[in-house]
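I sat down with my notebook and a fresh cup of tea to look a few things up. Here is what I wrote, entry by entry.

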Amino acid sequence: LSNKISSKYQDYKIKKIDGGASNRNFFRFSKNNESFICIDSNKEKDKFFSYLNINSHLSKINISIPKIYEKYENDHLLIIEDFGDLRFDKILLNHPIKDILKLAVESLIVIKNSIDFNESYNLEVYNYKNFISEISEFPDYYYRYFYKKNISENLKKEFYECWTHNYNLIDFDFSFFVHKDFNLNNLIYLPDRKEYLKCGIIDFQDAFWGECCWDLFSLLEDSRIYFDDQFNELFIKHYYENTKQNISIDQFRTKYYFLNCSRQTRLLGRWIKLSNNLNQKWYLDFIDVTKKRLFNSLKKLQNEKLSSLYDKLMPEFSHE
C-alpha cells in the first residue's frame with residue numbers, strides 16, 4: 001500500500017480497520033492529530049467507480065459525507081476524510097435515541113428533496129426480479145439452517161406466490177434515490193457540526209433508484225441492533241410531511257411495512273449466508289433482532305395472507 005500512494009504519507013502510521021462483509025480494505029493513516037481513511041477497492045473495482053459516481057452527486061447537496069482528498073484510479077485507491085469512530089450504533093447508550101434518529105431523518109429529507117430521478121446517474125432501478133432474488137435468501141439459507149431441512153415444494157411455492165400476489169397489488173414507484181444501507185453502523189456522529197450535519201453518512205456506493213421509504217425503514221428498523229420503536233410513527237409522519245409525496249400517508253405506510261417485511265425476510269437468510277461464507281458466526285447474533293423487526297412489521301402491515309404464510313414458515317411467529 002505504501003508504495004502506491006503519495007510519498008507525503010510515508011511517515012504516517014497505517015492501521016487496518018474493520019470493513020465488515022466488504023471485500024474492500026480500509027486503513028486509517030494517522031500522524032499527530034491528523035488522520036485520513038484509505039479505501040482499497042482492488043478486489044471490488046466496480047465499487048471504486050460507483051463510489052466516485054455517487055460521491056459526485058451527494059457532494060453537491062447539504063449533507064455530511066467524507067471529502068475525497070486523493071484518488072489513484074490505476075490502483076483503485078481513495079484517500080478520504082476521516083469521520084472518526086462515533087458510529088451511531090456505538091453511541092446509543094450515551095445519547096437519546098430520538099435525538100440520534102432525528103439527525104439521520106433530517107439528512108434523509110434533504111437527500112430526498114434534493115435528488116430527482118435522472119438516468120444519467122447510471123444507477124440500477126429496483127424491480128420485481130431484484131425483489132424475488134432477495135427474498136429467496138430466506139428459503140435458501142435461513143429455513144434450511146433453522147429447521148434442519150429443506151423447505152417443502154408446496155410451502156416454497158406458496159411463499160413465492162403469496163409475496164408476488166401482494167407485490168402486484170401495490171403501485172410502486174422506484175424513482176427515488178436510495179442509499180441502500182442507511183443503517184446506524186453507516187452513520188457517524190460529528191459533534192463539531194451543526195444540526196443534522198452532525199450525521200456523517202458513509203458506505204453509499206451501492207445506491208439505486210427505489211421507493212421513497214426505503215432508507216427510512218433501513219434506519220428505523222435496523223436489523224443489527226434493537227432499540228425502542230416508540231418514535232417510529234413520529235418519524236414516519238415527519239418524513240412523509242416534509243418530502244415530496246404524491247400518495248396518501250396510508251399508502252406510504254403500506255409500502256414502508258411491506259418492503260421492510262421483505263427486507264427482514266431476506267436478511268434472515270443473509271445472516272446465515274454471511275456466517276457460512278465468511279466463517280464469522282457473530283452474524284448469527286442479528287437473527288433475533290431481525291425476527292423481532294419482521295414480526296412487528298407483519299403485525300402493522302395487517303396483511304392476513306402474509307401473516308398466515310409466516311405462521312406456517314415460522315411457527316414461533318404465531319406465539320409472538
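**Entry 1: two helices that cross.** Before I start, one rule for angles: those under 35 degrees count as roughly parallel, over 145 as roughly antiparallel, 65 to 115 as roughly perpendicular, and the rest as oblique. I also remind myself that this is a predicted model.

I looked up helix α4 (residues 137–147) and helix α8 (residues 249–278), and I found that their axes cross at roughly 60 degrees. The two axes come within 7 Å. By my rule, α4 and α8 are therefore oblique to each other. I noted the handedness too: the crossing of α4 and α8 is left-handed.

Next I asked which residues of α4 meet α8. On the α4 side I listed Glu137, Phe138, Tyr141, Tyr142 and Tyr145. On the α8 side I listed Thr265, Arg266, Leu268, Gly269, Arg270, Ile272 and Lys273. Sorting the residues of this contact gave me 6 nonpolar, 2 polar and 4 charged.

**Entry 2: a second helix pair.** I moved on to helix α5 (residues 153–168) and helix α10 (residues 304–313), whose axes are 10 Å apart. They pack at an angle of about 160 degrees. I went back to my rule, and α5 and α10 are therefore roughly antiparallel to each other. Here I wrote down a left-handed crossing for α5 and α10.

For the contact, α5 supplies Leu155, Glu158, Phe159, Cys162, Trp163, His165 and Asn166. From α10 come Lys305, Leu306, Leu309, Tyr310, Lys312 and Leu313. I sorted the residues of the contact of α5 with α10 as well, into 8 nonpolar, 2 polar and 3 charged.

**Entry 3: the sheet.** In what order do the strands of the open sheet run? I traced 5 strands and wrote the order down as β1-β2-β3-β5-β4, with antiparallel pairing. At the edges I found β1 (13–17) and β4 (68–72), each of which pairs on one side only. Ignoring direction, neighbouring strands of this sheet are turned by 20 degrees against each other on average.

Then I went through some of the pairs. I counted 5 bridges between β1 and strand β2 (residues 25–31), which pair in the antiparallel sense. In β2, Arg28 is the bridge partner of Lys15. β3 and β5 also pair in the antiparallel sense, over 5 bridges, and here I matched Asp40 with its bridge partner Leu77 in β5. For β4 and β5 I noted 4 bridges, again antiparallel, with Lys71 having Leu78 of β5 as its bridge partner.

**Entry 4: more on β5.** Is strand β5 (residues 77–81) buried or exposed? I found 5 of its 5 residues buried, so β5 is largely enclosed by the rest of the structure. I also checked the hairpin of β4 and β5, which has 4 residues between the strands. His76 takes a positive phi near 55 degrees in this hairpin.

**Entry 5: one residue in a loop.** Last, I picked Glu44, which lies in the loop between β3 (34–40) and α1 (45–58). Its relative accessible area is 15%. Buried means under 20%, so Glu44 is buried. What does Glu44 touch, if I leave out residues up to four places away in sequence? I wrote down Ser22, Asn23 and Arg24.

Conventions: Residues are numbered from 1 along each chain as its sequence is written. This is a predicted model: local features need pLDDT of at least 70, side-chain atom pairs count only at pLDDT 80 or more; totals for chains, interfaces and linings use all residues. Side-chain values use heavy atoms; hydrogens and water are left out. Axes are lines fitted to C-alpha atoms, for helices over the stretch in contact, and angles run from 0 to 180 degrees between N-to-C directions. Helices (H or I, at least four residues) and strands (E, at least two) are DSSP runs, numbered from the N terminus. A crossing is left-handed if the near helix is turned anticlockwise from the far one by less than a right angle, and right-handed if clockwise. Contact means heavy atoms within 4.5 Å. Ala, Val, Leu, Ile, Met, Phe, Trp, Tyr, Cys and Pro count as nonpolar, Asp, Glu, Lys and Arg as charged, and the others, Gly among them, as polar. Buried means under 20% relative accessible area, exposed over 50%, partly exposed in between (1.4 Å probe, protein chains only). Two strands pair if DSSP finds at least two bridges between them.
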